[in-house]
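Visitor: Hello! Could you show me around this structure and take a few questions along the way?

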Amino acid sequence: MEAKAPRVSLAAIYSCFFWIGLFSFGGGLLPWIQREVVNTRKWMSDEEFFPGVALSQVLPGVNSTNISIYVGQHLRGAAGAATALGAMLTGPFFMVLLAAASYKIVLGVPAIQAAMAGVAAAAIGMLLKTAMSAVQAASKSLPPILIMVATFAAIEFFKLSLVTTVLLMTPVSVFLCWPREKPDA
Amino acid sequence: MREENLIGLIAVLAPLSLASVGGATAIYAPLQHEAVELRQWVTPQEFLDYFAIMRFMPGPSSLLGALIGWKLEGVWGALVATLSLYIPSSLVCFAAARTWHRFRGRPWHTALERGLLPVAAGLVCAGVLSLFQLSGGSLKVGAVIVGVAAALTLSKKLHPTGLLLAGAVIFEMAWLAGY
């Protein structure tokens, strides 16, 4: 066990990820997790958190649940990972059951559709803030900035898949960002 | 009949769990093929409806599988579907995360961590742009995106729920005003 991090209770992990899971619409999970885990609760640093984001892209499974497993495992090992995953799925599971019973009514109301589009737009805004944090954490010297721009371009302009991009860029990035001084950890 | 459906759900969804590299979008096509065409668990229209619901639901959109489970066998079907979708991929992710954690502080780990950081940053930036394009890319959407990001930058105390609600209210007012 690493001595550095304070021990986080499983109840705290459950409560953190339960609310994230329940209230995250439109794929807006990553920003919320990053904000809660790094900024609000200070369980991890951006430098520890974002590599998990890249890892979760190449692993099978949904990115947001994979990130919750990555964070849970970082904090409390197997119990932490299982707690985080269970918490992420509890709320949505019951919401889906609710929706199954009522969706024909809900999807027909334009006012609800407008509200949901607004929620989705706000969720993208949260992701923009997360992107800004990631850019800030990564922009410490020229090589990572070049890698960042190349990764962005690979997806946006060359239309490579996320998995291909990560598998292509990571070796190059590791080579360029290889620590020349002794690692400080 | 009951066990047959539950076993069928596991047989279809557990392999898809491991195939869902890059998220839920990777499994829509094979899931539709199995659930609609081969096994006829749901009609094409139902599958499309489920897809639409998931866009408006919290949580991962692969929970679409839970709706199919619900249609087949009610709550138990939904539960079996959810577990089949998440347990296999989660075990793989856990093994990777644990290996990753164990080697903290090694020089190659530090190098990989530093190397992955800008890759992740590029991915997240690309994600913002893709979602903006998917949402229709209107001025209204852009304004809310920039507004929310600015609010989060200026204040550390803002709660995400409040921001999502604000987005809903702004769009609701725009809709009432005819935009």
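Visitor: Which side chains meet in a salt bridge at 3.0 Å, N to O?

Guide: Welcome! Please keep in mind that this is a predicted model. The count between chain B and chain A is 1 salt bridge. In a salt bridge, a side-chain nitrogen of Lys or Arg lies within 4 Å of a carboxyl oxygen of Asp or Glu. With 3.0 Å from N to O, the pair is Glu48(A) and Arg104(B).

Visitor: Which element gives the most to the side of chain B that touches chain A?

Guide: Several elements give two or more residues to that side of chain B, among them helix H1 (2-19), helix H3 (44-55) and helix H7 (160-176). The one that gives the most, with 26 residues, is H5(B).

Visitor: How many residues does each chain bring to the contact?

Guide: Chain B and chain A bury about 7,900 Å² between them, with 78% of it on carbon and sulfur atoms. There are also 6 residue pairs in polar contact between the two chains, counting pairs with both residues at pLDDT 80 or more. As for residues, the contact takes 93 from chain A, and from chain B it takes 87.

Visitor: Which helices each supply at least two residues of the lining of the largest cavity?

Guide: A search of the whole structure finds 4 cavities of 30 Å³ or more, and the largest holds about 70 Å³ of space. Its lining includes Glu48(A), Tyr70(A), Trp100(B), Arg104(B) and His109(B). The helices that each supply at least two lining residues are H4 (63-106) of chain A, and H4 (64-102) and H5 (107-134) of chain B.

Visitor: How many nonpolar, polar and charged residues are in that lining?

Guide: Residues from both chains line the largest cavity, including Gln73(A), His74(A), Ala97(B) and Glu113(B). Sorted by class, the lining has 3 nonpolar, 4 polar and 3 charged residues.

Terms used:
Residues are numbered from 1 along each chain as its sequence is written. Chains are lettered from A and ligands numbered from 1 in the order in which they are written. Side-chain values use heavy atoms; hydrogens and water are left out. On a 1 Å grid over the protein atoms alone, a cavity is a set of points where a 1.4 Å probe fits but cannot get out, and a pocket is an open set with protein on both sides within 12 Å along at least five of seven lines; lining residues have an atom within 4 Å of a point. Grid points are joined across faces, edges and corners, and a volume is the space filled by probe spheres set on the points. Helices (H or I, at least four residues) and strands (E, at least two) are DSSP runs, numbered from the N terminus. Ala, Val, Leu, Ile, Met, Phe, Trp, Tyr, Cys and Pro count as nonpolar, Asp, Glu, Lys and Arg as charged, and the others, Gly among them, as polar. Contact means heavy atoms within 4.5 Å. Buried area is the accessible area (1.4 Å probe) that two parts lose on being put together, summed over both. A polar contact is a pair of N or O atoms within 3.5 Å; within protein, one must be able to donate a hydrogen and the other to accept it, and residues adjacent in sequence count only if both atoms are side-chain atoms.
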